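Visitor: I've got this one open at the bench and would like a close look at a single part. Pick a spot in the loops, then work outwards to whatever surrounds it.

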Amino acid sequence: MIVGYARVSTSDQSLDVQEAALRSAGAEKIFAEKLSGTTSNRPQLRDAVEFCREGDTFIVTRLDRFARSSVDLHNIVAALVAKGVDFRCTEQAGVDTSTSSGKLMLGMLGAVAEFETAIRRERQMEGIARARRAGAYTGRKATIDHGEVLQLFQQGKGATEIAAQLGIGRASVYRIINAPGAGNHAGE
């Protein structure tokens, strides 16, 4: 059986293109999820690997839809190979663990993908540092109104009640009311 796996990073992205490509490549069963590739908790990927049996072929459209790093890539592929399952990538020709050249290609592409991710992260951090120096990057805007939290606390409401009313976590309430300069201490 050919088992496919598709993944997009955000809920507003579509899996349609990947799923169509996997079906076109012969996938009889497709596991798909909308999760960031940086997370290790990918339940559909785990289920897909567990579903595979000896003699099956596991396919993905691209390696970056499959693994978080070259270590992750090799660990997942090793788990598949240990079960007697071949691995193929439809859009990155030559990635096929049923051949020795395919195994070589897998290793090389995995290393290149990890290198590209590291370079992209370095560029992003350099850009953020440049923007901070220029005063243009101040981080994410506050999502909690500190004044409202303090006002409710001063009215005698407890942290649990404040958190429920404002739809925030209790830890956030405690952080605000116990902050230096807030003039309020929850423990008093």
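Guide: Let's start with a cut-off: a residue counts as buried when its relative accessible area is under 20%, as exposed when that figure is over 50%, and as partly exposed in between. Keep in mind that this is a predicted model. Now go to T61, which sits in the loop between β3 and helix α3 (70–82). Its relative accessibility is 1%, so T61 counts as buried. What does T61 touch, leaving aside neighbours within four places in sequence? On one stretch of chain you'll find Q18, A21 and L22, and on another C89, T90, E91 and Q92.

That list points us two ways, so to speak, and the sheet is a good place to get our bearings. It's an open sheet of four strands in the order β2-β1-β3-β4, and the pairing is parallel. Its edges are β2 (29–34) and β4 (86–89), each of which pairs on one side only. On average, neighbouring strands here are turned by 20° against each other, ignoring direction.

Zoom in on β3, residues 57–60, which runs parallel to β4 and is joined to it by four bridges. Across that pairing, F58 stands opposite F87 of β4, while T57 stands opposite D86 of β4. The side chains of β4 alternate: F87 and C89 are buried and point to one face, whereas D86 and R88 point to the other face and aren't buried.

Now add the helices. Helix α1, residues 16–24, packs on the sheet and touches β1 (2–8), β2 and β3, with its direction at about 165° to that of β1. Helix α2, residues 43–51, lies across β1, β2 and β3 too, and runs at about 160° to β2.

Two residues show what goes on around β2. Q44 has its place in helix α2. With a relative accessible area of 26%, Q44 is partly exposed. Apart from neighbours within four places in sequence, Q44 is in contact with Y5, F31, A32 and E33. Its C-alpha atom is 20 Å from that of G55, and those two are 11 residues apart along the chain. K34 lies in strand β2 itself. K34 is also partly exposed, at 39% relative accessible area. Not counting residues up to four places away in sequence, K34 touches V8, T10, S11, Q13 and L15. For a longer span, the C-alpha atoms of K34 and L106 are 24 Å apart, with their positions 72 residues apart along the chain.

Back to C89, since T61 touches it and a bench person may well wonder about cysteines. A search of the whole structure turns up zero disulfides. C52 is in none, and the nearest cysteine sulfur to it, that of C89, is 15 Å away. Likewise C89 is in no disulfide, with the sulfur of C52 as its nearest, 15 Å off. A disulfide would need the two sulfur atoms within 2.5 Å, so that pair doesn't qualify. As for burial, C52 counts as buried because its relative accessibility is 2%, and C89 counts as buried because its own is 6%.

On the other side of the T61 loop is helix α3, where D72 is found. D72 has a relative accessible area of 10%, so this residue is buried. Its contacts, leaving aside neighbours within four places in sequence, are R42, F66 and A67.

One last stop, further along the chain, is a pair of helices. The axes of α5 (residues 146–154) and α7 (residues 170–177) come within 10 Å and cross at roughly 85°. That crossing makes α5 roughly perpendicular to α7. H146, V149, L150 and F153 make the contact from the α5 side, and V173, I176 and I177 from the α7 side. Sorted by type, the residues of this contact are six nonpolar, one polar and no charged.

So if you go back to where we began, T61 is a buried loop residue whose contacts include L22 and C89.

How values were computed:
Residues are numbered from 1 along each chain as its sequence is written. This is a predicted model: local features need pLDDT of at least 70, side-chain atom pairs count only at pLDDT 80 or more; totals for chains, interfaces and linings use all residues. Side-chain values use heavy atoms; hydrogens and water are left out. Buried means under 20% relative accessible area, exposed over 50%, partly exposed in between (1.4 Å probe, protein chains only). Two strands pair if DSSP finds at least two bridges between them. Helices (H or I, at least four residues) and strands (E, at least two) are DSSP runs, numbered from the N terminus. Axes are lines fitted to C-alpha atoms, for helices over the stretch in contact, and angles run from 0 to 180 degrees between N-to-C directions. Contact means heavy atoms within 4.5 Å. Angles under 35 degrees count as roughly parallel, over 145 as roughly antiparallel, 65 to 115 as roughly perpendicular and the rest as oblique. Ala, Val, Leu, Ile, Met, Phe, Trp, Tyr, Cys and Pro count as nonpolar, Asp, Glu, Lys and Arg as charged, and the others, Gly among them, as polar.
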